[in-house]
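User: I would like a close look at one part of this structure, namely its interior. Please walk me through what is buried there and what covers it, in plain terms.

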Amino acid sequence: MAFRTILTVTGPHMSDGDLNLAADLCDEIGAHLAVLAVAIAAPPPVGEYAAIVSEDWLKERHADERLLKKRVTDVSAFLAGRALSADVSSEYPEIGWADERIGRRARYADITVIGPELLADETLKGKVIEGALFSSGKPLLIVPPGVRPTLKPKRVMVAWDARLESSRAVRESLDMLTGADEVRLVMVDPVEDEYHHGQEPGADAAAYLARHGVKVTVDRLPSANHAVADVLRQHAVDSSAELMVMGAYGHSRLRERIFGGATKSMLQDQSLPVLMAR
């Protein structure tokens, strides 16, 4: 689908690096930029010491609210200087509700973009990723440091595992795939049966993409005892991909947190922009 609204999230102590990145993407495709300023509230004191510490807690909240208000003012000034369609809003949730609040806002955008500044904030990054992927129904674009992203990539790599999440990621990125000069549909250790990749792994997905006019090539790769994420990263480098498209959390979040998985590994170490959906 076409992206008409791009959401980015900023925090009280962040500069305008991610805003510039998101604004440039909006300029590239003529999209509206929605900015959500978020500060995570400290939980209220409980127990026998609540009365003693409540005054300090209130002072902390007031300080957070002032910083958040200032960030909104600074973002508004930034947007006024960019001459693009945009809006800014703010949220001050406790940490347990932050992902839901962010995800709710992301429902009114076509894609959420996370830039290098937000990636450096472990707490807020985690809440934005969870909110976008699990509470919005929309895709997420993660841009690592040192990379100039584009929503009109010429070379795209699709990490395909035949799961629902991969199918969603492909559908969400279809406009970009159609406009690309080269799309590589990549599978690692594909299973040849009707419950996984079919008798000819990748053939059905490639046919689907080709009917949309996508210039697609199928790559079937062995893992050779390497992690799937490492194989995908290396192949992205070898094929000079500008964007990777993949489904997120094909296994449960708990399982990936305990045992690891391709999603967790890609979130921890990226070499190119990654579009995720589930």
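Analyst: The chain exposes about 13,400 Å², and carbon and sulfur atoms supply 51% of that area. The model is predicted. Before the interior, here is the overall setting. The C-alpha atoms fill a box of roughly 65 × 50 × 30 Å along the principal axes. A compact globule of 278 residues would have a radius of gyration near 19 Å, and the 20 Å of this chain agrees with that. The chain contains eleven helices and ten strands. Of its 278 residues, 49% count as buried. Of the contacts between residues at least 6 apart in sequence, 78% join residues at least 24 apart.

A good place to begin is strand β1, residues 5-10. Six of its six residues are buried, so the strand is largely enclosed by the rest of the structure. Thr5, Leu7 and Val9 point one way from β1, while Ile6, Thr8 and Thr10 point the other way. Both sets are buried. Beside β1 runs strand β2, residues 32-38; the two are parallel and are joined by six bridges. In this pairing, threonine 5 stands opposite histidine 32 of β2.

One residue of β1 leads further inward. Leaving aside residues up to four places away in sequence, isoleucine 6 touches Leu25, Cys26, Ile29, Ala31, His32, Leu33, Ala34, Ala109, Ile111, Val113 and Leu151. Ile6 also belongs to the largest nonpolar core, which has 39 residues. Along with Ile6, the residues with the most contacts inside this core are Leu33, Leu141, Leu177 and Leu275. Helix α1, residues 17-29, gives the largest share of the core, namely six residues. There is also a second, separate core of 38 residues, and Val38, Ala106, Ala109 and Leu119 are among its members. In soluble globular proteins, nonpolar side chains tend to be buried together.

Helices have buried residues too. In helix α6, residues 164-172, the buried ones are Glu165, Ser166, Ala169, Val170 and Glu172. Seen down the axis of α6, these residues fall within an arc of 165 degrees, so they line one face of the helix. An α-helix has 3.6 residues a turn, so residues three or four places apart point the same way. The cover over the buried residues of α6 includes strands β6 (155-159), β9 (243-247) and β10 (274-277), as well as helices α7 (174-179) and α8 (203-211).

Helix α9, residues 228-238, can be read in a similar manner. Its buried residues are Ala229, Val231, Leu232, Arg233, His235 and Ala236. They pack against strands β6, β7, β8 and β9 and against helix α11. Just after α9, serine 240 takes a positive phi of about 55 degrees.

For contrast, consider some residues that are not buried. Threonine 178 is found in helix α7. Its relative accessible area is 31%, so threonine 178 is partly exposed. Not counting residues up to four places away in sequence, threonine 178 touches His212, Gly213, Val214 and Lys215. Its C-alpha atom is 9.8 Å from that of lysine 154, a residue 24 places away in sequence.

Alanine 262 lies in helix α11, residues 262-268. At 27% relative accessibility, alanine 262 counts as partly exposed. Its C-alpha atom is separated by 9.5 Å from that of glycine 247, and the two residues are 15 apart along the chain.

Two loop residues complete the contrast. Most residues other than glycine have a negative phi. Aspartate 189 is not a glycine, yet its phi is positive, at about 50 degrees. Aspartate 189 sits in the loop between β7 (182-188) and α8. Its relative accessibility is 39%, so aspartate 189 counts as partly exposed. Asparagine 225, again not a glycine, has a positive phi near 70 degrees. The loop that holds asparagine 225 lies between β8 (216-221) and α9. At 84% relative accessibility, asparagine 225 counts as exposed.

To sum up, β1 has six of six residues buried, and its residue Ile6 is among those with the most contacts inside the 39-residue core. The buried residues of α6 line one face of that helix, and those of α9 pack against four strands and α11, the strands being β6, β7, β8 and β9.

Technical notes. Residues are numbered from 1 along each chain as its sequence is written. This is a predicted model: local features need pLDDT of at least 70, side-chain atom pairs count only at pLDDT 80 or more; totals for chains, interfaces and linings use all residues. Side-chain values use heavy atoms; hydrogens and water are left out. Buried means under 20% relative accessible area, exposed over 50%, partly exposed in between (1.4 Å probe, protein chains only). The arc is that of the directions from the helix axis to the C-beta atoms. Contact means heavy atoms within 4.5 Å. A nonpolar core is a set of buried Ala, Val, Leu, Ile, Met, Phe, Trp, Tyr and Cys residues joined through side-chain atoms within 4.5 Å. The radius of gyration is taken over C-alpha atoms; the globule rule is 2.2 Å times the number of residues to the power 0.38. Accessible areas come from the Shrake-Rupley method with a 1.4 Å probe; for residues, only the protein chains shown count as cover. Two strands pair if DSSP finds at least two bridges between them.
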